[in-house]
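Me: I am new to this structure and would love a close look at one part of it. Could you walk me through it in a friendly way?

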Amino acid sequence: MKKLRYIPLLIATVLCISCEDYLERLPEQEYSEGSVWKVEADFDFALNGLYRQLPGFPSNNFGFANNSEFIYTIFTDDAWDRGGKGAVRNADINFTSSSGVIGNEWSRYNVIRDCNELISRAPNAEFSEEIKEQYVAQARFIRAINYARLNFLFGAVPLVTEPTGPTDFPKRATREAVFDFVRSELDAIAQILPESYSGNEIGKITKGAALAFKARHLMNAIDWHSDTNALYQEAKNATETIINSGVYSLDPGADGYARLFTTASEHGNSKESVLTSNYATGTRVHTYNRGMAAKGAYSGSNKHGCYMGISNGLVEAFQMNNGKDVHDKSSGYDDKNPWLDRDPRLDVTVLRAGESIPKKGGNGVDPTYIFDAHPKITPPGGVKTDDVNKATNPTGYNISKYIAYDVVSSTECHIDYKIMRYAEVLLLRAEALLGGDSDISGAIQLVDQVRNRVGMPSVNDSYGAIADVSEALEVILNERRFEFASEGPQRYFDIRRHRLGETVFADPNVYGIPLGKNRKPNKKVKEGDLNDAVKNICGQKLFNAATYYVWPIPQSAIDLNPSLLENPE
């Protein structure tokens, strides 16, 4: 009987999750072509395993951002990560072939390998061809979005679409070839998958997800592709199809926006969710709270590391609720009460001084305490573990999105992650309209939908009449920054594809909360002082264009496969 050379890696993982019967029928982990990959249940188990590898929250024991969508926020001007033993450090945006994050991202080939195995086994499976096509399309999607990310990060990478063995050492395909593969795959997948599901199937990959990721993929190539007009046109077509389907809409109001990052928006309860990475107690959990929640906050049976925080630059970038910049003297900004009358999305994004949160040692509801990270300020019921001078997030602005305190442990979080939201579809379309047709009016109307949802004034009421394409692009990128702040890779995408690194990292310092004159802690400091000279300096972002815009291949991969150094074919 022929033994499968690859299948144990995939099936062993899936069986541990879903099917103990296999372990009884086939002892000692021996799997054969005659016993697996035959019936629908085999593919269902395998596909569930692939869904568990969709991008989302960190799952390592310490809650480090490694191998999560949040790692990309660290590589922008929006956040700082203090790191910990073995953690990625924020200053390391001067990527090298030995940088930990480089190797982590290259490991996407493990997911691709699993996808290839499922896809290759489908023709010989013994169930409905129509159902097989659905399974294969979903696996192709997961493979495609992993190739899209590899293509974006590294450029030319190996393009492997069939199962490989330990002696296979593929060469790199050209950047264009990998890009076109993803482009065509997502097109084909969109023709197979349904627009929506019902019942227990809600949350599966849809036609809308395939088209949304196609639009993102296209727009992520505008800085290097030879035919940007085609990219803009295809992105317009893809997003138009999504919008016209009527399947998705923005969750209304500032409250609807806030709900997106809570369990209240799960299980089909948000029409804004285009694709979600699902978690559930007892099956798939994550450690987001462990790495992100305030040190003094409730953590269940574990504790928090509080490694990552929001930069002062992002906090000050959020507009007043009248649409004006905080640096505008007519904006109404109060440096003694900087949170008053701001864009509602700021309050959803940032845990800041004065907020009440459940305290460590309680039950996740009470007692509570007033958060404040200033070294000289301890509010009533406060704790000193949040002090920026201690082993905690040194910016003093903690992350608020997706933090939930109804957990048994900070390493057993179960809130779902929104991989793609309808708001991104609208803003991708806005940029495609602007880039392809210089359609400023059409682009601004789409931006207004996103702004107006949370009660922010329209673009023209905020910025004045926009008559220039470059001004309109700045508005769109600002809106993407506000809308998706601290959620994942969107800001990183924008800095790279618009080559903004030289500008946003011109001052390498990452600033945190105001401390006092000459940065000496003084409790009388104005909480919203705009003068950088009084703010905590958390560290520096050392920008290197040569490796920031296209990452080097990890040395560990080159050591195993020297052909990666050869010219792409």
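Which residues does T395 touch, not counting residues up to four places away in sequence?

Reply: Happy to help, and please keep in mind that this is a predicted model. Leaving out residues up to four places away in sequence, T395 touches W80, G309, I310, V388, G512, I513 and C538. As for where to find T395, look in the loop between β6 (368-370) and β7 (398-399). T395 counts as buried because its relative accessible area is 0%, and the cut-off for buried is under 20%.

From there, let us look at the wider setting. The largest nonpolar core has 153 residues. Among those with the most contacts inside this core are F75, F95, W106, F141, Y147, Y492 and W551. Helix α7 (residues 129-154) gives the core its largest share, 14 residues. One residue to follow is F141: setting aside neighbours within four places in sequence, F141 is in contact with L186, I189, I205, A209, A210, F213 and L275.

Helix α7 also has a packing partner. Helix α6 (residues 108-121) packs with α7 at an angle of about 155°, and the two axes are 9 Å apart. Angles over 145 degrees count as roughly antiparallel, so α6 and α7 are roughly antiparallel to each other. Their crossing is left-handed. On the α6 side the contact is made by R108, Y109, V111, I112, C115, N116, L118 and I119. On the α7 side the contact is made by Y135, V136, A139, R140, I142, R143, N146, Y147, R149 and L150. By class, this contact of α6 with α7 has 12 nonpolar, 2 polar and 4 charged residues.

Now for F43, which sits in helix α3 (residues 40-51). F43 is buried, with a relative accessible area of 1%. Beyond its neighbours within four places in sequence, F43 is in contact with W37, K38, L118, R121, A122, A125, F127 and Y135. Two of these names have come up already: L118 of α6 and Y135 of α7 take part in the contact of those helices.

One more helix pair rounds off the tour. Helix α9 (residues 207-219) and helix α15 (residues 422-437) pack at an angle of about 40°, with axes 10 Å apart, and are therefore oblique to each other. Their crossing is left-handed. Here the contact is made by A212, A215, R216 and M219 of α9, together with E424, V425, L428, E431 and A432 of α15. By class, the contact of α9 with α15 has 6 nonpolar, no polar and 3 charged residues.

Notes: Residues are numbered from 1 along each chain as its sequence is written. This is a predicted model: local features need pLDDT of at least 70, side-chain atom pairs count only at pLDDT 80 or more; totals for chains, interfaces and linings use all residues. Side-chain values use heavy atoms; hydrogens and water are left out. A nonpolar core is a set of buried Ala, Val, Leu, Ile, Met, Phe, Trp, Tyr and Cys residues joined through side-chain atoms within 4.5 Å. Buried means under 20% relative accessible area, exposed over 50%, partly exposed in between (1.4 Å probe, protein chains only). Helices (H or I, at least four residues) and strands (E, at least two) are DSSP runs, numbered from the N terminus. Contact means heavy atoms within 4.5 Å. Axes are lines fitted to C-alpha atoms, for helices over the stretch in contact, and angles run from 0 to 180 degrees between N-to-C directions. Angles under 35 degrees count as roughly parallel, over 145 as roughly antiparallel, 65 to 115 as roughly perpendicular and the rest as oblique. A crossing is left-handed if the near helix is turned anticlockwise from the far one by less than a right angle, and right-handed if clockwise. Ala, Val, Leu, Ile, Met, Phe, Trp, Tyr, Cys and Pro count as nonpolar, Asp, Glu, Lys and Arg as charged, and the others, Gly among them, as polar.
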